[in-house]
Amino acid sequence: MSTRSDRTYDPAAIEREWQATWDREGTNSFTLDELRTARRPFYNLMMFPYPSAEGLHVGNIYAFTGADVHGRFQRMRGHDVFEPIGFDAFGIHSENFALKAGVHPMDLIPGNVANFTRQLRRMGGMFDWDHTVDTTAPDYYRWTQWLFLQFFKHGLAEQKEAPVNWCPSDMTVLANEQVVVGACERCGTPVEQRFIRQWFLRITEYAGRLLDNLSAIDWSDTTRKAQRAWIRRSRGAEILFPVMEEADKEADGGNPAAIPVFTTRPDTIFGATYMVLAPEHPLVDAVTSDTARDEVDAYRARTRAMDLVARQKIEKHKTGVFTGGYCINPATRRPIPVWIADYVLMGYGTGAIMAVPGHDERDFDFANAYGLPIVRVVADEGEDAGTPLAIAYEYPQGTLVNSGRYDGLSPEEAHHAIVDHLGAEGLAESQVTYRLHDWCISRQRYWGPPIPIIHCEDCGPVAVPDEDLPVVLPRVEDFRPDESGVSPLARVRDWYEVPCPSCGRDATRETDVSDTFLDSAWYFLRYPCTDFDDRPFDAEITRRWLPVDTYIGGNEHAVLHLLYARFVAMALHDMGRVDFEEPFTQFRAHGLIIRGGAKMSKSKGNVIIPDPIIERYGADTFRLYLMFLGPFMAGGDYQDKGIAGPHGFLHRLWESVVPRNGELADGPPDPELETQLHRTIQRVTDQVAALRYNTAIAAMMEYLNAVRAGGRTPVRAEVEPLVRLVAPFAPHIAEELWRRLGNRGSIFDGANWPEFDAAKAAERQVRVAVQVNGKVRGTVSAPKGADREAVVAAARAEPNVARHLAGMAVRKVIHVPDRLLNFVVAREVVRTK
RNA sequence: GCCGGGGUGGUGAAAUCGGUAUACACAGGGGACUUAAAAUCCCCCGGGAGCAGUCCCAUGCGGGUUCGAGUCCCGCCCCCGGCACCA
């Protein structure tokens, strides 16, 4: 006996009930045994959140809902879908918040995680709560440390002194990927260059493979392009320019024999009229003459003081200083002056260039500013050796001139010939250079996994033995970073003073912690294996579930997390630990939710807080609305009132299955509705598969409108398939209606996605547009597949068409079957007798 | 500057192997039901002309190809995102 209230759509009540049921029945979780035996495994991954104190924001929910819809869809099509979630809770972000709030991160994070968990459950995600990870849990970061040691043991982690990016506000070094236009990606402070000994993972070893594999993986194009641009390969040559001896030069340390430069245009070497070193170049001192020394030192000091933003942005015109030294152009055998200038970067190539002002815009500007000679060595069509250069001619097309025996060759031929000939003398070598740098993972901060290394005076850096992992991050009340360039852990003497694991003598722990991005570079391997505490990931389960089938996340990680994760997987593959190189078979970048045309931000005051909306409308409505805003991969503009549409739709759906008066009737579906139903199934299936959720929802709305048109009462066969179609978007109401339709168990158990029947989707009659000279003048109804003659006859009978054809000669008739008919006409030539 | 993505009603957006532009939804207006509200249902809703049938114009701007262009080509303008002296 159903009561009145029992027949009213009450989202809060049914969502609470079904979430409890899912937990109780284990609907969304796998046992270890199930993970081992799943027959059609599908790993549906989304980027795990950083659990902020503010709670889940709309952007998180948008991304997770879109990924969850995909997971539920795959499940309804018969896959065993593993959909885990976790928390990326280490890192500067959390730590800075803790500093500001005056709370220890160890006290702060658990509350945030609990709040996120509550919100994630409330939005109705199909998460496996038995397989979550928290990167700050010792039983997780134990394996992050283990992972680092694998790199260390395979020679892929090394400590080296190199120019690194120092953020003076966060007081730590940053990876290149975390520096945006010379500023810290998090706080926007211009970064400084420092030379400190740091731990690097040698991602550059993998640059070529990371680049080449991109063309073979099913990823969003924008993401692949961003990675290509970031890694960027340049093919060219390294060429040695011997330094000219100076009689009066002191021999302190001896003169360098030659300075290597990297160039992509060895063919232009006859036009190299001077050389430029980066101000930080280690050979600057050696080439500088005594007379130039003061000026050179002053310039270097000035450059050092400049942050990278100033160096890259403000100094638009080029500056530099002559060192007083010369080296020999190995092609012309003539001396050329050596300059230093800040437009040459120590971080790329060799930090030294051969300047070819005739054929490089930057060198051209510099040569003009300092009166250095400009020589043409490539002539385009219609030019010759003497044609003056108004601007640098940079194209690799034309013919070599002023280049001795190479005159007349094409730049490409000359490129190879010159490298070959100089190579024979040991002065040149073909070389491929990448823009990608090694990944600096040291952080001089507190809130991260300690790097598991012990420094011993005798043994050098020694790995912490596996059985001593994890190196537990000690609770330190004063965890503020400082200017010193070392971590706050360096203030905790009784923690870092340990015996050397190798020789037993007094030694010290590494006090830096590792980059948060190392935590997240392997978390997807951990999820299915959290049942194991004696290994980071289990070989058998990993073989069954990985690589990840679909990964959905934000494109802001295109060159951060997504690059690091690929690198880690590739390295683990080479170590024989996993049998795939690429961890994510398919990656889709979702769009951004904006509001009022602008990104949501606290400063703009346009942030949407999801909790009250879910409370008022229910998670199903909110999910449906977010997915309806626009194409998932493009994002959408959040409009407060728009939620009324999806809300009404779910109400009408409910009302159709649970009529206010009486029961849902059985009986045959209306034939026209049946046709529309199958067309809808087809559209929704295609569009959901393509992540085009907005149009899928529109198709469902259209169908329900038709079912209810004019207040008609639908029968079961008309609405039951719609309940299945809507289930990925609005799982709670779908479960409830599924139950009320008389089914047992979850709609997500069993392959309940409706079957599309092409025969039933076929329309018998079609509307054909009739044009005269390309303008629509009417439509006619015709049987599907009607031939041209039949349609022409029907069209001519249409009064408005006939009117436009009157007095006209038909030159041509274009017929697009079942779509369109176009009469091409011209005014009839009137013949008079 | 370079590389992506995009400019369509009052608004979010549909339609891209060239084939009835504005689906779906919001906002707005009118109506039915109701004591009332909610919910539900019906109608109108790009601009202009006309009583109407209907006609003209409109997808950032200017050209072009085509029987036919939001869609393709050429030249611009604007917005969003990324990269930025990479030798």
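**Entry 1: conventions and overall fold**

I take helices (H or I, at least four residues) and strands (E, at least two) as DSSP runs, numbered from the N terminus. This is a predicted model, so I accept local features only at pLDDT of at least 70 and side-chain atom pairs only at pLDDT 80 or more, whereas totals for chains, interfaces and linings use all residues. Residues are numbered from 1 along each chain as its sequence is written, chains are lettered from A and ligands numbered from 1 in the order in which they are written, and side-chain values use heavy atoms, with hydrogens and water left out.

I looked up chain A as a whole and found 28 helices and 33 strands, with a C-alpha trace that spans about 105 × 100 × 50 Å along its principal axes. For burial I use relative accessible area, where buried means under 20%, exposed over 50% and partly exposed in between, with a 1.4 Å probe and protein chains only. By that criterion, 53% of the 833 residues in chain A are buried.

**Entry 2: RNA strand B**

I call a residue near the strand if one of its heavy atoms lies within 4 Å of it. There are 60 residues around RNA strand B, and Arg232, Arg362, Gln639, Arg692 and Asn822 come nearest. I sorted this surface by residue type, with Ala, Val, Leu, Ile, Met, Phe, Trp, Tyr, Cys and Pro counted as nonpolar, Asp, Glu, Lys and Arg as charged, and the others, Gly among them, as polar. The result is 19 nonpolar, 20 polar and 21 charged residues. Helix 23 supplies the largest share of the surface, six residues.

On the RNA side, 69% of the strand B atoms within 4 Å of the protein belong to sugar or phosphate, and the rest belong to bases. For polar contacts I require a pair of N or O atoms within 3.5 Å; within protein, one must be able to donate a hydrogen and the other to accept it, and residues adjacent in sequence count only if both atoms are side-chain atoms. A side-chain N or O atom of Arg692 is 2.4 Å from a phosphate oxygen of RNA strand B, and one of Tyr348 is 2.7 Å from a phosphate oxygen. In the case of Arg803, the partner is a sugar or linking oxygen at 3.1 Å.

I then checked the backbone at Leu691, which lies in the loop between helix 22 (671-689) and helix 23. Leu691 has a positive phi of about 65° although it is not a glycine, and at 4% relative accessibility it counts as buried.

**Entry 3: aromatic rings**

I pair the rings of Phe, Tyr and Trp (its six-membered ring) if their centres lie within 6.5 Å, and planes under 30 degrees apart count as stacked, over 60 as edge-to-face and the rest as tilted. A search of the whole structure gives 44 aromatic pairs. One of them joins Tyr551 and Phe587 edge-to-face, at 5.8 Å centre to centre with 70° between the planes. Tyr551 belongs to strand 25 (residues 548-554) and Phe587 to strand 26 (residues 584-590), so this pair ties together parts that are 36 residues apart in sequence. Tyr551 is buried at 0% relative accessibility, and Phe587 is also buried at 0%.

I next looked at Tyr693 and Phe729, which form an edge-to-face pair at 5.6 Å centre to centre, with 85° between the planes. Tyr693 lies in helix 23 (residues 693-707) and Phe729 in the loop between helix 24 (716-726) and helix 25 (731-740), so here too the linked parts are 36 residues apart in sequence.

Tyr551 and Phe587 also belong to one aromatic cluster with Phe48, Trp219, Tyr523, Phe524, Tyr527 and Phe584.

I also looked for charges over rings, meaning NZ of Lys or CZ of Arg within 6 Å of the ring centre and within 35 degrees of the ring normal. Arg435 lies over the face of Trp230, 4.3 Å from the ring centre, and Arg72 over that of Trp22, at 5.0 Å.

**Entry 4: helix 3 and two prolines**

I compared helix 3 (residues 58-76) with its expected span, which is 1.5 Å times one less than its number of residues. Its 19 residues should span 27 Å, and the end C-alpha atoms are 26 Å apart, which agrees. Of these residues 18 are buried, so helix 3 is largely enclosed by the rest of the structure. Gly78, with a positive phi near 105°, follows helix 3.

I found a cis peptide bond from Leu469 to Pro470, with omega near 0°, and another that joins Leu546 and Pro547, with omega about 0°. Pro547 sits in the loop between helix 17 (539-545) and strand 25.
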